[in-house]
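Welcome! Open the structure in your viewer and keep the selection tool handy. We will go from stop to stop, and at each one you will hear what to select and what is there.

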Amino acid sequence: MSNGINFFQTLLASIFGGNDPDAVKRKLLKSIAKNLSRTKFHFYKISSKEVEPAFAKFFYDIYKAISPAQAMFQNTSLATLKQFVISSSLSDAQHAQLADLTEESIRELATTMNAKDLRKQVSSTYSAFAQGFTSARTASIDLLYSKLVAFYNFCTYDFYVIIKKFDSSLHERNFSILPKFRATDGERIEEDLKNFTSVAWAIPMDASWDEMFELMKKIKGIEPIAPNIWKKILARLRSVKDENVFEMMIQLISEDPLYREKVRIENQHIMDGYLQEIKRQMESVLEDVRENETKCHTEKLVNEVFGTLNIEPLKNYNSEINEVLNKKSFKGFTYEEPIKYLKLFLLDYAKKDIRDLSDIILVRGEWTNQQMSTPMSEALHRLLNISDAIVKFDEKLAENGEWGMKIKTLLPRCERDKEARNIINMVIGDANDEAAQLITGSVKYLIIYDKNLKTALEDFMKAPHSQLIVNWKDLDRFTEGKLKTKAVTIYKTIYSFVQLMQMFNIQLKTAPRY
């Protein structure tokens, strides 16, 4: 700023002559005073540096005229007015679409369809709603709101603060007693005047105000100001602005001839934010519905697979340790929930029921081609290995384990030691990756086992003309005629468990190695 002032001082000195900055300043202020005296507004007495009663009368007349609007806006926020502007611009079709995008409507619709179909339908409704706002229509809405904001800011400006400085006995919005204005020192109103011009000169004085007044009448039932009175106020403001009266007053009061009014006219753009907020709320409800559906489906699958069995978490890869890690701002263990289900399933079901069925079909069954039994046998073998691998995996996170010892040692230092934090993050990442490998590997081999079990069941139904296993009758007697029931139950249980694992959307960094 100082460089700018020096430039102007140099320029002005070259015009007015002389190199004395004070002399240049005095000449400039004298010139400003002369220009101000030539205007028809006698608001400032230069000799005494006082603001005249005429100035207070100017503001008082505006204050009295806009007083009803001030009262009207007293309990009305711009946010409320914004909603009215937008709502008034909606077509009948858009009003209906907007009603379908409320949380209540979306949740009601969720009772009749699944989350995927719900998202498709709600998204289609939102697209149709948003497409109704063409660029021309959006510009029109923004322009209307811009005028309303300028009008609101002007009417809610604290005129009373300025006027009271000219008559201390004045009561707010009491126009029954005529005020007795006295001149006041210019410095008392300098900042008020600057604030006022920043508000008043932001008004688009050439704009048409009919649409805004019609909207205000719809909102409040009456017009805030009679349109003809508002036009008179604008005419007086324009006259003052065109003659730079207030700017020259501030220059003389502050003795700063280089002062310039700083007016920032902000064109409001409300439609993008409005549509984004509707979409955000819509997405929030849809995500909540999806999560609830996932949770309910997960609980259903857990009940189908485990019934009333008590499902214990792993000893070390669990939510309790996650809480400790989260307090230190670590991401924590991602798959502690699915892997606890996997451990119980492999230990309680694969090593018992599935293995028992496999002993009957794979060991006692007389296969026409022994190689046909290999995928099923290999899948079971892999699953039993993974069961043991889960125990070893969890042991690595014990306090004396390979990973657990690192976490235990480095965790107290992680807030001040970046390298310690990096190592813990690597350990957590490796643990999550191995957990994912264990889960996806199990799912892979469970699918292989279940597909082959289904093939065996289909062959069982063909007996005595079966082509895969020739002694189904003997195998059925071995299980007291319950082989089919046993196999079907296991097939369904494995199918449900695979669905349960797929609910967790396991993300792999590398291909499953189990």
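## Stop one: a loop residue

Begin by selecting Asn244, which sits in the loop between helix H12 (227–242) and helix H13 (245–254). Bear in mind as you look that this is a predicted model. Asn244 is not a glycine, yet its phi is positive, at about 55 degrees. Most residues other than glycine have a negative phi, and most peptide bonds are trans. Is Asn244 buried, partly exposed or exposed? With a relative accessible area of 35%, Asn244 is partly exposed.

## Stop two: the loops after H19

Now select Pro464, in the loop between H19 and helix H20 (472–478). Look at the peptide bond that runs from Ala463 to Pro464: this bond is cis, with omega near 10 degrees.

Move on to Glu480, which you will find in the loop between H20 and H21. Here is another residue other than glycine with a positive phi, near 60 degrees. Glu480 has a relative accessible area of 66%, so this residue is exposed.

## Stop three: H19 beside H21

Select helix H19 (residues 418–461) together with helix H21 (residues 483–502). Their axes are 9 Å apart, and the two helices pack at an angle of about 150 degrees. An angle over 145 degrees counts as roughly antiparallel, which makes H19 roughly antiparallel to H21. The crossing of H19 and H21 is left-handed.

Which residues of H19 and H21 meet? Show these side chains to see the contact:

- From H19: Ile439, Val443, Leu446, Ile447, Tyr449, Asp450, Leu453, Lys454, Leu457, Phe460 and Met461.
- From H21: Leu483, Lys484, Ala487, Val488, Ile490, Tyr491, Ile494, Tyr495, Phe497, Val498, Met501 and Gln502.

Colour them by class and you will get 19 nonpolar, 1 polar and 3 charged residues in the contact of H19 with H21.

## Stop four: Leu342 and its contacts

Next, select Leu342 in helix H16 (residues 336–364). Its relative accessible area is 0%, so Leu342 is buried. What does Leu342 touch, not counting residues up to four places away in sequence? The residues to display are Ile390, Leu438, Ile439, Ser442 and Phe497. Two of these names may be familiar from the previous stop: Ile439 in H19 and Phe497 in H21.

Try the distance tool on Leu342 and Ile390: their C-alpha atoms are separated by 8.8 Å, although these positions lie 48 residues apart along the chain count.

## Stop five: a pair of rings

Go to helix H3 (residues 53–73) and select Phe55 and Phe59, which are 4 residues apart, about one turn of the helix. A search of the whole structure finds 42 aromatic pairs. In the pair of Phe55 and Phe59, the ring centres are 4.6 Å apart and the planes are at 45 degrees, so the pair is tilted. Both Phe55 and Phe59 are buried.

## Stop six: H4 beside H8

Select helix H4 (residues 78–89) and helix H8 (residues 135–155), whose axes come within 10 Å and cross at roughly 150 degrees. H4 and H8 are therefore roughly antiparallel to each other. Their crossing is right-handed.

On the H4 side, the contact is made by Leu78, Leu81, Lys82, Val85 and Ser89. On the H8 side, show Arg137, Ile141, Leu144, Tyr145, Leu148, Val149, Tyr152 and Asn153. By class, this contact of H4 with H8 has 9 nonpolar, 2 polar and 2 charged residues.

Zoom in on Ser89, which lies in helix H4. At 18% relative accessibility, Ser89 counts as buried, since the cut-off for buried is under 20%. Leaving aside neighbours within four places in sequence, Ser89 is in contact with Gln94, Phe133, Arg137 and Ile141.

## Last stop: Val199

Finish in helix H10 (residues 190–200), where you can select Val199. Val199 counts as buried, at 18% relative accessibility. Beyond its neighbours within four places in sequence, Val199 is in contact with Asn153, Phe154 and Tyr157. Asn153 also appeared at the previous stop, in the contact of H8 with H4.

For a parting view, select Val199 and Ile469 together: they are 270 residues apart along the chain, and their C-alpha atoms are separated by 91 Å.

Terms used: Residues numbered from 1 in each chain as written. Predicted model: local features only at pLDDT ≥ 70, side-chain atom pairs only at ≥ 80, totals over all residues. Heavy atoms only, no water. Axes fitted to C-alpha atoms, helices over the stretch in contact; angles between N-to-C directions. Parallel < 35°, antiparallel > 145°, perpendicular 65-115°, else oblique. Left-handed = near helix turned anticlockwise from the far one by under 90°. Contact = heavy atoms within 4.5 Å. Nonpolar A, V, L, I, M, F, W, Y, C, P; charged D, E, K, R; others polar. Buried < 20%, exposed > 50% of the residue type's maximum accessible area, 1.4 Å probe, protein only. Phe/Tyr/Trp six-rings, centres within 6.5 Å; stacked < 30°, edge-to-face > 60°.
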